[in-house]
Amino acid sequence: GAREDLRGERVLITAGPTREPIDPVRFLSNAATGTQGIALAAEALARGAAVDLVLGPTTASPPPGAHVVRVTTAREMDAAVRELAGGATIAIATAAVADWRPAVTHDQKVKKTEEVTAIALERNPDILAGLGARRDGALFLVGFAAETSDFETHAREKLAGKHLDLIAVNDVGGTRGFGDVDNALVVLWGTDGRRDLGSGSKRELAARLWDAILERKRAQADA
Ligand code: C5P
């Protein structure tokens with residue numbers, strides 16, 4: 001790439017959905033495709049970073065040059081992140097992690113003649129909150145928030161509650177958000193820091209988000 005402003009950084013990115021098995025052929029999941037996280041990884045590589053990409057089940061292709069760790073469940077994603085976090089200078093959580101998993105995974109396919117009226121659920125670990133709880137000043141931590149209402153208020157709660165340096169908010173009401181479509185992002189930091197990154201393709205927004213991350217990271221280092 002022309003700009004090498006991420007050289008020397010080791011970036012850890014989570015992307016995609018997770019899949020939580022009910023039985024060997026059924027699962028709980030969501031509509032995420034990992035596209036925004038993959039675009040952030042591609043942009044980071046183009047700008048000279050080393051990239052660890054922890055990627056849930058998706059048909060979207062990771063960029064060549066990334067170190068990709070494929071995972072299925074939230075707990076597998078959490079384990080991969082714990083292993084890689086120590087070497088990272090910047091971590092970005094874009095994954096749409098399933099908040100719950102079935103309390104029981106059946107070894108055999110559940111037959112439709114069985115009388116199933118409910119699936120008991122357990123909470124999954126919050127991977128990003130765990131990173132925030134264990135972090136030190138050497139890691140710059142970025143989260144995402146997909147909101148449909150009061151989006152800046154909720155995102156500021158996540159910024160503080162998960163101990164993040166920056167949060168990128170997208171309004172997933174309407175047509176934006178999931179898949180290979182345009183996105184729109186606002187970034188928030190501190191008590192009142194805010195920048196509207198506008199709308200565009202996920203790759204264009206990835207470039208603007210990296211600019212914002214680098215600016216904030218340098219401002220913190222100078223403070
Ligand atoms: O609290 P909420 O799920 O809205 O927070 C979204 C942010 O937290 C995203 O960055 C997402 O990747 C991360 N997250 C996570 N593990 C979870 C839930 C969310 O890393 N179990």
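**Exercise 1. Asp78 and its partner in helix 2**

Work out whether Asp78 is buried or exposed, then describe its salt bridge with Arg82.

*Solution.* Start with Asp78: its relative accessible area is 10%, so Asp78 is buried. The scale here is buried for under 20% relative accessible area, exposed for over 50%, and partly exposed in between, with a 1.4 Å probe and protein chains only. Next, take Arg82, which is partly exposed at 49% relative accessibility. The two residues form a salt bridge, and their closest N and O atoms are 3.1 Å apart. For a salt bridge, a side-chain nitrogen of Lys or Arg has to be within 4 Å of a carboxyl oxygen of Asp or Glu. Finally, look at where they sit: both are in helix 2 (residues 74-85), four residues apart, or about one turn of the helix. Helices here are DSSP runs of H or I with at least four residues, strands are runs of E with at least two, and both are numbered from the N terminus.

A word on the ground rules before going on. This is a predicted model, where local features need pLDDT of at least 70 and side-chain atom pairs count only at pLDDT 80 or more, while totals for chains, interfaces and linings use all residues. Residues are numbered from 1 along each chain as its sequence is written, and side-chain values use heavy atoms, with hydrogens and water left out.

**Exercise 2. What surrounds Asp23?**

Place Asp23 in the secondary structure and list what it touches.

*Solution.* Asp23 belongs to strand 2 (residues 20-23). With a relative accessible area of 3%, Asp23 is buried. Now go through its contacts, meaning heavy atoms within 4.5 Å. Not counting residues up to four places away in sequence, Asp23 touches Thr105, His106, Gln108, Lys109 and Val110. What about Asp107? Its C-alpha is 6.1 Å from that of Asp23, though the two are 84 residues apart in sequence. Last step, the charge: Asp23 forms a salt bridge with Arg26, the closest N and O atoms being 2.5 Å apart. Arg26 is partly exposed, at 31% relative accessible area.

**Exercise 3. A buried pair and its network**

Which residues are linked with Glu43 and Arg47 in a network of salt bridges?

*Solution.* Take the pair to begin with: Arg47 forms a salt bridge with Glu43, and the closest N and O atoms are 3.0 Å apart. Both ends check out as buried, Arg47 at 2% relative accessibility and Glu43 at 8%. Then widen the view: the network links Arg3, Asp5, Glu43, Arg47, Arg203 and Asp211. For the whole structure, the tally is 15 salt bridges.

**Exercise 4. Three loop residues**

Find the loops that hold Lys112, His163 and Thr72, and say how accessible each residue is.

*Solution.*

1. Lys112 is in the loop between strand 7 (100-102) and strand 8 (121-123). At 83% relative accessibility, Lys112 counts as exposed. Its C-alpha is 47 Å from that of Ile90, with the two positions 22 residues apart along the chain.
2. His163 sits in the loop between helix 4 (151-161) and strand 10 (166-171), and is partly exposed at 44% relative accessible area. Check the backbone too: phi of His163 is near 60°, a positive value in a residue other than glycine.
3. Thr72 falls in the loop between strand 5 (67-70) and helix 2. Thr72 counts as partly exposed, at 35% relative accessibility. Leaving aside neighbours within four places in sequence, Thr72 is in contact with Thr18, Arg19 and Pro57. The C-alpha atoms of Thr72 and Thr58 are 9.7 Å apart, for 14 residues along the chain.

**Exercise 5. The chain as a whole**

How does the radius of gyration of the chain fit with that of a compact globule?

*Solution.* The globule rule is 2.2 Å times the number of residues to the power 0.38, and the radius is taken over C-alpha atoms. For 223 residues a compact globule would come out near 17 Å, and the chain has 18 Å, so the two agree. Now add the span of the C-alpha trace along its principal axes, about 65 × 35 × 35 Å. Then the inventory: the chain has five helices and twelve strands, and 47% of its 223 residues count as buried. To finish, turn to contacts between residues at least 6 apart in sequence: 60% of them join residues at least 24 apart.
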